[in-house]
Each structure stands twice: as C-alpha cells, then as structure tokens.
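Biologist: Hey, have you got a minute to walk me through this one? I'd like to poke at a few spots and ask some basic questions.

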Number of protein chains: 4
Amino acid sequence: MKDVQSEKDKRNIFIEKVGVSSIKYPIRIMDKQNGFQNTVALVDIYVDLPSEYRGTHMSRFVEILNKHRNNMSLSNLEKILDDTKQQLRAKVAHIVLRFPYFILKKAPITKEESFMDYECAFIASKNEKFDFVLEVNVPVHLLCPCSKEISDFGAHNQRANIRVKVKMDRLVWIEEIVEMVENSASAPLYALLKRPDEKYITEKAYMNPKFVEDIVRDVSILFDKDERITYYEIEAISYESIHNHSAYAYLHRDKNSYNK
Amino acid sequence: MKDVQSEKDKRNIFIEKVGVSSIKYPIRIMDKQNGFQNTVALVDIYVDLPSEYRGTHMSRFVEILNKHRNNMSLSNLEKILDDTKQQLRAKVAHIVLRFPYFILKKAPITKEESFMDYECAFIASKNEKFDFVLEVNVPVHLLCPCSKEISDFGAHNQRANIRVKVKMDRLVWIEEIVEMVENSASAPLYALLKRPDEKYITEKAYMNPKFVEDIVRDVSILFDKDERITYYEIEAISYESIHNHSAYAYLHRDKNSYNK
Amino acid sequence: MKDVQSEKDKRNIFIEKVGVSSIKYPIRIMDKQNGFQNTVALVDIYVDLPSEYRGTHMSRFVEILNKHRNNMSLSNLEKILDDTKQQLRAKVAHIVLRFPYFILKKAPITKEESFMDYECAFIASKNEKFDFVLEVNVPVHLLCPCSKEISDFGAHNQRANIRVKVKMDRLVWIEEIVEMVENSASAPLYALLKRPDEKYITEKAYMNPKFVEDIVRDVSILFDKDERITYYEIEAISYESIHNHSAYAYLHRDKNSYNK
Amino acid sequence: MKDVQSEKDKRNIFIEKVGVSSIKYPIRIMDKQNGFQNTVALVDIYVDLPSEYRGTHMSRFVEILNKHRNNMSLSNLEKILDDTKQQLRAKVAHIVLRFPYFILKKAPITKEESFMDYECAFIASKNEKFDFVLEVNVPVHLLCPCSKEISDFGAHNQRANIRVKVKMDRLVWIEEIVEMVENSASAPLYALLKRPDEKYITEKAYMNPKFVEDIVRDVSILFDKDERITYYEIEAISYESIHNHSAYAYLHRDKNSYNK
C-alpha cells in the first residue's frame, strides 16, 4: 500500500509543527496527596517535518498517547517526547496536555471536605533540551479596593481566573502554585462552604481588597522568592460584577535574563 | 441532474425537523431607540419532512435567509416562515435567530453613555398558527442576602445571567424585558461607570440583596402584571464569587393554563 | 447564626428548580468492559422550593455529590435523588451529570486498540416516580448521497454528531447505544487507524452514503425494535464540509403514546 | 472622591498589560466591496502600568472604544492607540478586535449569491512604533491524499480551519487573504450551493487532494511571493471526518530575518 506521506516534497518548505490536536484521552498523573489521580485530558502532540517529506504519520501520535496514558506525569514527559521523536524520526517533539486537576480542600472553619477543580496544562517540548511549562488556572475571589474606598458600605467583588505559567529547575507541585495564588487573592474558593465558612470568607475578602493589578504583583513577589521557579507569566482576568466584561492584567519575568 | 432528495422513501418515518443550523449571517432587526439595528445572528431554519420523501433541499433555506436578512424583525417572521413552508412544500416551519442586541445606556449618576450587549433569540414556528418566543439574556449584579446577614461587614456578590423566555399577544420590546429584569436585580450592569456611578451601584446593591430565588420570583411578579405576556420562563444562573460553580433557579408559568 | 434561607416568604411563588449548576467533579461510573470507569463530570442538582420558603441550602447539594461521587452509576441514581429530597426536604429532585465516556475500540482491519470519547449525560429526576434519560453523543462519518450521485468521482463527507436521548425499562448500556448509532452511519470513527483501516473506512463510507435524514430514520428503526427502549429522541448535526454551517435532522418517539 | 488607582505603589513591579477584556461592541470597519461593514466585535484594550502606580483607570478604555466605534478600520487603529496612550498616560497601548467579517460570494457555477463568514482579528499595539497583525480564519474543504491513493473509490474529506496571521507594509485586504488561502485548499466553502455547484466542488476537491502539510506549504508560497507581506504564521486545523480529533500543521516566517 502506497505511503503518500513519505513521498519526496519539492516545495522545499520546512514545517515547524505537524501532528494531532484536541484528542480527548483518559490519563493518570501524579498527585501530591494520593500518589496519582485519574483525569481526562485534551491532548496535542506535534513534531517538526523536514522540507523533503510530504507528510507525517498521524496514527503514530495516537499509538504513543495510548502507550503512555497511565503515566502522563511530569517525570515521564521527557521520555514520551523522546519516544515521539524516535517513532516519527523528528528533531523536535511537542506535547500539550490540558486537564482538570482536583484538590481535596477543607472549608476554613467547619473543615468540611470537597474537591475544587483547577484547569492545568503540561506544555513540553524536546529539541536538544527538554523544555517544560506548567500552566495552572486558579479561580479566586477579588474584592475591588476602589469600590470599598468610595462606598459608604459594601464593595463589589467577583470570581476571577488567575492563569500562571511557570518554568522550574526543581519540582513545584500544582498544589504549591495554587496555594501561592490563593494567598495573593482577596479569598480562595471552595466547592463546599457552610455558613460559618461563608462569614469568614466574606469578611476576609472585605479586609483584603485587591485589584487585578494587585494580585499579579503579589503573586510575582512570591514567585520571585521561590528559587525553583526560573520563569513565569501571571495573567488575571476578573469577571467584573458591575460590568459585562472583564478587567485584565498581565506580567511575565525571565529570571535568567534579569540576573544578567 | 438527479434529485436524490426527492426519491421515494420506503421507511415510512416522518421527520419533525430538518434543515440548516448554526449559519452565521449579518441581519437587521427593529430597535426601539433608532428604528433598526445591524447585528450578526446564528441561525437555524427547519421544516418537517413527510415520510414519503428521502430528504429536504438544504440550499433553499439559505436562499430564504439571504432574501430576508435586512428585515429579520418580529413583524416579518411569520412571512419568512410562510415563505419557508412554500419553498420547501412543508406543513411546519421553524426559525431560531440568536444575536447580540445592543442598548445605549446612561450611567446612573454621570449619565455617560455606552452600549450594553444582551444575547437575545427569536424562536418562531408556524404550523396552522404562528408561535413566537422571545428569549432575552440579562446579565445583572446579585448580592447574597445570607452573606450580608451573617457577616460583620461586606457581602459576596457576583455577575448573574437571567435568561427569560416570553410569549406575548401584543409587542413587548427587548428594552422593556431588560428593564423589568434589571429592576428585579441587586443592581443593573453598564459597560461604562465613572467613580460616582460605581459608588451608587455598590451601595444600591448592598441595600438590595437578592438570592437567585428572589430574582426569579420578583421578575415573575412583574411578568404576571404585564397583560401582554401570556407565557414565561425565568432562569437565573449566578456565577458565585465564593465558589467555582453557579447557583440556579428556574420557574415557568402559562397564564392560559392557570386561569382555567 | 441567622438562617436567611429559612425565612418565611410572602410572595407566594413556587419555584420548580433551585440548586447548584456546572460543578465539575471527579466521578466513577459503571463500565461494560471493566466494571467501572473514572471520569470527570459537570453536574447540576436541583430541588423544588415551596412558596413559603425564601431559599434553599446550596451547600447540601455539594455534600450529597461528595458523598456519592464514587458510585454515580445508573443503579445508584434513584438513591442519590432520594437522599437529595430528604436532605433538602423537597418533593422533587433533579440531577444531570455530563461526562466523557471512553470505549476501547479495535481498528476494523489491523485491530489496533485506542480509546474513543463519547460525551454522555445522565438526566434523572424523582417526584413520586423515578425518571431517567440517557443521552449519548456519537460522532460518526457521513457521506452525502446527493454529492455521490451527481459527481463523476468522489463525494463530500464529514464528521457529524448524533445525539440520542433514550428512556428505558431495562438497562441499555452506553456501548449498545453507540453500536446502534455507528451501524446506522456511513462509517464509525476511531482514534487510531492504520492505512489498511483507513482504506476500509473510506470505501465502506463511499458504499454507504447517508443524509442526516437517513441516519435519524435508520437509528429510529433500531430503537423501535429494541423493546427495552420506551422513548427516544434522535438529533443529527452534520458539520458539512462544503459549507461553514451544519445540516440538521430531529425526530422523537414515545412508544407508550403510539401504542395507544 | 478618593482615587485609589492613583495611589503610590511600593512593590516596584512594572505591569506589561492592564485594561479591559472581552467587551462586546457594535463596530463599523472598512469593506472592499461596499466601503464599510457593520459587525460585532469582542474587544481587548490594554496599556502598560509603571511600577509607581497602583492601578489603571478602566472606564477610560470604554470611553475610547465608544468614541471610535464607527471607524474601527485599520487606517484608524494607530490614532485609537495614540488616543489610548494619551488618555491613560501610558507608554504602550494594545488593542485586539475579534469580529466575524462577511464576504458576498457567488456560487461557482450557478453564480447564486450568499454571505460567508470569516472570523478575523485586528491585533495592534503602539510603543514608539505601530505594530499591526491581521488574523483571518478561513474555513476550507480538505480531501485526504492518502485516503484517495489507497482506496479503490472515494476519499475522506472534511472542513478545516486555516488561521493566518500577517504583518504587512502596504494594505492587504481580508478579501485577498481569503482568496489566497481558498486557492490553496482542495475547495473553498460557500453558504449557498445548488446541485451543479455541489458537483463542481466535489469533483474539484477529488482532483485536488491536500494534507494539512500541503495547505500550509502552498499558502506559504503565495505569501512569500506577495511583497506587501513582511511576516506570517499559517496554522491548519483539519476536523478529520474519520477521527474525533484534528490534524494540525503550523509554520511561520519573518521575511526580514531570512533575508539577512
């Protein structure tokens, strides 16, 4: 059976990424509390394609995903990328896994337990070197400092999504990232809060007003202090409760470049 | 050229709806303030298909849409459906238009003007009779009565979406529906608020706390009083600012059936 | 601490559904091949609210979800709803679980294994009686009979989503629904196909052209024959490859009503 | 009334982007066929924030948007950004407008007219220099060369989205980008096709099979030849009709850097 993909290509155009995207797959990853966690990922896997070949072999990406699905942890990603490079005879391989990650949290006063979901991504590639970015989306509570200051009572507040991307030289757990971001918010979120917890969260947020500008700066200070983190991006999107649009702030730092 | 769709079908199965869905089209509709408004709609058009035919003629739906796109107002919908029935030789025709509708609003204190967007839908069908449902999604501000009551200061609040569907026997403008829903919320939303407006909205909301249960009931009272409205559904989805999920309430009333 | 929700309400308005929506939770359900399957659900849980109470107790819904999350199977749903009714002192309880369900499939010729994802929902309620609807979304391949007939070579084809909802009086597995729908398509989909499989699927689809009208009718015939199924809805949305919109067909049958 | 945003900030952290995001607004832009076109945009506007200020003034962004909404054309974007820099006292301003753009197309044989929608974006910023990226999403028809080659008859085909981003030193119309991409596909899409058109498109696609790898290369050749284009990215996402996932290819070129 003819292999059209392996035909010689005369256009002389190198392609940076070719592969499969948006494939939904059941995976298992590491979990700080329980050893591992079952979740569902949306996966992209790509390689580069030299200018002399017409196409890549799409089915091999799915074979690789199927083979490694029970160990999609950070510690195994480099091996998966090496396997991809070898199977596809490529110089560079890329993988992106997007998945909800669940953390069992205790309500602040009653200590009742429930799971909170955090949308995370592993964004990895391997050329000569292995490159890894951990993305964590942390939904938090933000209370507006301006609204509090100018109003005789109350203050508008809302849910915000804080999306952080970090590169690290030693393991930083998703749980640690979540904790640093939640500590920089007006208050953290929980799936389950009883009335004493709701009172605590409401008052804590009122005493702790934050603009989107404040939270990106406060997370930045914590990430600067953490020596394991070498690069970061922090993006705050606040779903304003007095508008039908969002307030937004973004900053990024590359520690290597500002040490020089 | 053979017309496969017109082949005799021997399976003897009547199909209730067949047509095109999710076609994006530029349309023009009536507007209370300016006569008409240009917007962009996502459109579904369907007819019934008798058991003896294999298929419908999909291209005719797009011809009808193209012909009527400059007058997609309520007053013209019945004619569009009659045209659809005739072109497709059908007994029943259905059309759904989903579109953002913009209302120029003045900020409550400074009177600065800006547009607020409301996602609306015209859901119409014609068998013997013309049936029309107006759907309006009104984003509002809700402040939690429980949080206010149990906390020494502050109260959590958030954006909520109030989706209403109404049937009417005389014209009710989108603008009137929006006003009734916004008057039932803790506060309305605006695209543009200066500081005196923000103070006003913050304090108004704090003095006017509402559960999702409260707003569906308060809108229900206004819709009951409005004699033009013969049927309604009211759904409140509050994007809770202390959780990563929503609070929800729903009720519906058919005035014809509870008069009997 | 004051219980605002339990206040007397004087508006005299009964609310049909009140509760929490769009909460993401890790769940475990039954699986025909392996006994059980871990997945991630988006959950809504509601009860009715009598006219004399101001509000429901939102945290209890999350407690119920947390308690039952490891057994969210059909056989346990009625018990979960009874528990909800009791905890919330309600007459009616509703639950909707939306989740990706994975089936290990073998490619048709090479027999290589991979997981296919099917978006499913359990839609259940309990008043006096338990009511259950199983929704299964089956992505399939459809090849256009008209395009094949009128063209000298080739035929446009595309991915389509077939959404079915069924009520049953004895257990019908998700796997069985998927099989009936895939057998009614031009061809089924797979995550992993090698070249001999791709040849087989391409030729099979070309010999087996189907309109959206054909597939809803063909599934309808299979559902009519299956005595366990008492009610069904079949909706086909074909993401046409020659248009930027979809072709659509829908029918529903209530076997109880047409036996009478 | 106190201006909290203008408070001195002691954290000494510069913020790269701060402003409003996801605001839906009615806008008017230039159109090659008719002079201008009304559409609906989702808008982000940001500025930088010096380390010494606590926050930006969010309402001013909406004032700017409201003032310029009737002329959101490329020729006016630099002026809008200058206005933003001045109103916010910023060194850098960014704007992103995402909108559906409609082109009236004639069916290939019958010449029947209908509108096709193309999701576009203007991505602009001004520091010292004005920087502009035009993004155009062109949905096309792709027919798989491998499937055609290995099968005795037929070939799987599907809708694909080709997302291109270009920088230019003289005006390139959206209509011209669309034409270059559609000419590189197996076939273009139309909202309205009669049977003779469908036959033409089906046969054209069968004679013109393209992998995602082929289309990114063929568009690349056309963009290389066009001297107005100085930089481009080309991304192909093919919604495979034999899988429930996509095939993907991406390349980018900066003409300035490869001339050196």
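Biologist: Is Arg11(D) buried or partly exposed?

Modeller: Arg11(D) counts as partly exposed, at 23% relative accessibility. Keep in mind that this is a predicted model.

Biologist: And what does Arg11(D) form a salt bridge with?

Modeller: With Asp214(A), and the closest N and O atoms are 2.5 Å apart. Arg11(D) sits in the segment before S1 of chain D, while Asp214(A) belongs to helix H6 (residues 212-225) of chain A, so the pair joins two chains.

Biologist: What about Asp214(A), buried or exposed?

Modeller: Buried, with a relative accessibility of 2%.

Biologist: OK, how many salt bridges does a search of the whole structure find?

Modeller: 108 over all chains. One of them pairs Arg228(D) with Glu176(D), with 3.1 Å between the closest N and O atoms. That pair links distant parts of the chain, 52 residues apart: Arg228(D) is in the loop between H6 and strand S8 (229-238) of chain D, and Glu176(D) is in helix H4 (residues 174-183) of chain D. Arg228(D) is buried, at 18% relative accessible area.

Biologist: Got another example, say in chain A?

Modeller: Sure, Glu113(A) forms a salt bridge with Lys106(A), where the closest N and O atoms are 3.2 Å apart. Glu113(A) is partly exposed at 35% relative accessible area, and Lys106(A) is partly exposed too, at 48%.

Biologist: Which residues are linked in a network of salt bridges?

Modeller: There's a network that includes Lys2(A), Glu7(A), Asp9(A), Arg11(A) and Arg54(A), and from chain D it has Glu149(D), Lys210(D), Asp214(D), Arg217(D) and Asp218(D). One link in there is between the side chains of Glu149(D) and Lys2(A), at 3.8 Å from N to O.

Biologist: So let's talk about where chains D and A touch. How many residues does the contact take from each?

Modeller: 52 residues from chain D and 52 residues from chain A. The two chains bury about 4200 Å² between them, and 55% of that is on carbon and sulfur atoms.

Biologist: Why talk about buried area at all?

Modeller: The size of an interface is often given as the accessible area lost when the parts come together.

Biologist: Fair enough. How many salt bridges and polar contacts are there between D and A?

Modeller: The interface of chain D and chain A has 12 salt bridges. For polar contacts, the count is 32 residue pairs between the two chains. On the chain D side, the elements that each supply at least two residues include strand S1 (15-31), strand S2 (35-49) and helix H6 (212-225). S1(D) gives the most, with 9 residues.

Biologist: And what's going on between C and D?

Modeller: There, 37 residues of chain C are in contact with 37 residues of chain D. The buried area is about 3200 Å², with carbon and sulfur atoms giving 56%. The interface of chain C and chain D has 2 salt bridges, and one joins the side chains of Lys199(D) and Asp152(C) at 3.4 Å, N to O. There are also 29 residue pairs in polar contact between chain C and chain D.

Biologist: Which element gives the most to the side of chain C that touches chain D?

Modeller: That's H5(C), with 7 residues.

Biologist: Switching topic: how many disulfides does the structure hold?

Modeller: 0 over all chains. Cys144(C), for example, is in no disulfide, and the nearest cysteine sulfur is that of Cys146(C), 5.0 Å away.

Biologist: Why isn't there a bond between Cys146(C) and Cys144(C)?

Modeller: Because the sulfurs are 5.0 Å apart, too far for a bond. A disulfide needs the two sulfur atoms within 2.5 Å. Both cysteines are buried, with relative accessible areas of 9% for Cys144(C) and 0% for Cys146(C).

Biologist: Last one, chain B. How many residues of strand S5 are buried?

Modeller: 12 of the 14 residues in S5(B), which spans 130-143, so that strand is mostly covered.

Biologist: Which strands does S5(B) pair with?

Modeller: S5(B) pairs antiparallel with strand S4 (residues 113-126) over 7 bridges, and those two form a hairpin with 3 residues between them. Ala124(B) stands opposite Phe132(B) there. S5(B) also runs antiparallel to strand S6 (residues 157-168), joined by 10 bridges, with Leu143(B) opposite Asn157(B). Then 2 bridges join S5(B) to strand S7 (residues 187-188), again antiparallel, and Val140(B) stands opposite Pro188(B).

Note on methods: Residues numbered from 1 in each chain as written. Chains lettered and ligands numbered in written order. Predicted model: local features only at pLDDT ≥ 70, side-chain atom pairs only at ≥ 80, totals over all residues. Heavy atoms only, no water. Buried < 20%, exposed > 50% of the residue type's maximum accessible area, 1.4 Å probe, protein only. Helix = DSSP H or I, 4+ residues; strand = E, 2+ residues; numbered from the N terminus. Pairing = 2+ DSSP bridges. Contact = heavy atoms within 4.5 Å. Buried area = accessible area lost by both parts, 1.4 Å probe. Salt bridge = Lys/Arg side-chain N within 4 Å of Asp/Glu carboxyl O. Polar contact = N/O pair within 3.5 Å; in protein donor to acceptor, adjacent residues only side chain to side chain.
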